[in-house]
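User: Could you give me a close look at one part of this fold, beginning with a single pairing and working outwards? I would like one connected account that ends with the chain as a whole.

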Amino acid sequence: MTMLSDITLTPFSNSLNVAIHLMTKAKAHFEAQNRNTNDIVDLQLVDDMLPLSFQVNAICHHTLGATKAALSGNFYIPSPLGEIDFDGLIDVLKSTQKELNAITVNEINARTGETIIFHYPERPMPFTAEGFITSFSTPNLYFHQTTLYNLLRKEGVPLSKIDFIGALSLSASE
C-alpha cells in the first residue's frame, strides 16, 4: 500500500533538490559568462506566461505548501514572493527544503484519506489528500519545474535530463 508520505516527502524533497541544483548550476554558468543572474528573475518563455520567479514560488507551493495542506486540510493560491533577486530565489528553495524535511512520515501518513479543500476564488474544490497530491499538486509541480528548466536552457545553461530527474530511487542490489 502506498502511503501519503511516499507521494509527498521523498518526491517533493527530490524536486526541491533538483530546483536548487538547476538554480545553482545556472548561477555558476552566468557568473562564468559575466552575466548578472538578476537579469533572468523576470524571464518568461512567452509574454502571457509567468516569470522564472513565479516558477520557483510554484515549486515551493506545490511541495511544502501541498504537504502543509495535507496536514491542515486547506490549500490556497500562493502569495507572491515580492521583490526578490536570484540568490533570494535559491534561499527560498533551500528554506522550503529545510521546512519540508522537518515534517515526519507519521505526521503526514496520519492524514491519509482526509479531506483537503483547495480554496479557489470561484469555488472551493474538495479532494482526498491522495487525490489532491496526485491529481493537482504533483502535475503542477512538474509543470513549473519543467518551465524553470526550460527557462534556464533557453538562456544557455548546460543542463541535461539527469539534471532534471535528480536522485533515482534504486532498489538495493545484491
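Analyst: **The sheet and its surroundings**

The bridge partner of T115 is T128, which belongs to β3. Please keep in mind that this is a predicted model. That one bridge is a good way in, for β2 and β3 run antiparallel and are joined by five bridges. Stepping back, the open sheet has three strands in the order β1-β2-β3, with mixed pairing. The edge positions are taken by β1 and β3 (124-128); each of them has a single partner strand, so one side of each is left without a neighbour in the sheet. Helix α5 packs on this sheet and touches β1, β2 and β3. The direction of α5 makes about 115° with that of β3.

Now for the aromatic rings. The structure holds nine aromatic pairs. One of them is formed by F75 and F118: their ring centres lie 5.4 Å apart and their planes stand at 70°, so the pair is edge-to-face. Since F75 sits in strand β1 (residues 74-75) and F118 in strand β2 (residues 115-119), the pair ties together parts that are 43 residues apart in sequence. Both F75 and F118 are buried. These two rings also belong to one aromatic cluster, which F75 and F118 form with Y120, F127, F132 and F136.

What does S137 touch beyond its neighbours within four places in sequence? The contacts of S137 are with H62, A66, F75 and F132, so two members of the aromatic cluster, F75 and F132, are among them. S137 lies in helix α5 (residues 129-154), the helix that packs on the sheet. With a relative accessibility of 0%, S137 counts as buried, the cut-off being under 20%.

Another helix worth your time is α3. Its 16 residues (86-101) should span 22 Å at 1.5 Å a residue, and the C-alpha atoms at its ends are 23 Å apart, which agrees. The buried residues of α3 are F86, G88, L89, I90, V92, L93, T96, Q97 and L100. As a reminder for reading such a list, an α-helix has 3.6 residues a turn, so residues three or four places apart point the same way. The partners against which the buried residues of α3 pack are α1 (9-32) and α2 (52-72).

The loop between α1 and α2 is home to N34. Phi of N34 is near 55°, which is a positive value in a residue other than glycine. Is N34 buried or exposed? With 74% relative accessibility, N34 counts as exposed, as the cut-off for that is over 50%.

Finally, the whole chain. It has six helices and three strands, and these follow the pattern α-α-β-α-α-β-β-α-α along the sequence. The radius of gyration is 17 Å, close to the 16 Å that the globule rule gives for 174 residues, so the chain is as compact as a globular protein of that length. Taken along the principal axes, the C-alpha atoms fill a box of roughly 55 × 50 × 25 Å. Of the 174 residues, 44% count as buried. Among contacts between residues at least 6 apart in sequence, 77% join residues at least 24 apart; the pair of F75 and F118, whose parts are 43 residues apart in sequence, shows what a link between distant stretches looks like here.

Key: Residues are numbered from 1 along each chain as its sequence is written. This is a predicted model: local features need pLDDT of at least 70, side-chain atom pairs count only at pLDDT 80 or more; totals for chains, interfaces and linings use all residues. Side-chain values use heavy atoms; hydrogens and water are left out. Helices (H or I, at least four residues) and strands (E, at least two) are DSSP runs, numbered from the N terminus. The expected span of a helix is 1.5 Å times one less than its number of residues. Buried means under 20% relative accessible area, exposed over 50%, partly exposed in between (1.4 Å probe, protein chains only). Contact means heavy atoms within 4.5 Å. Rings of Phe, Tyr and Trp (its six-membered ring) pair if their centres lie within 6.5 Å; planes under 30 degrees apart count as stacked, over 60 as edge-to-face and the rest as tilted. Two strands pair if DSSP finds at least two bridges between them. Axes are lines fitted to C-alpha atoms, for helices over the stretch in contact, and angles run from 0 to 180 degrees between N-to-C directions. The radius of gyration is taken over C-alpha atoms; the globule rule is 2.2 Å times the number of residues to the power 0.38.
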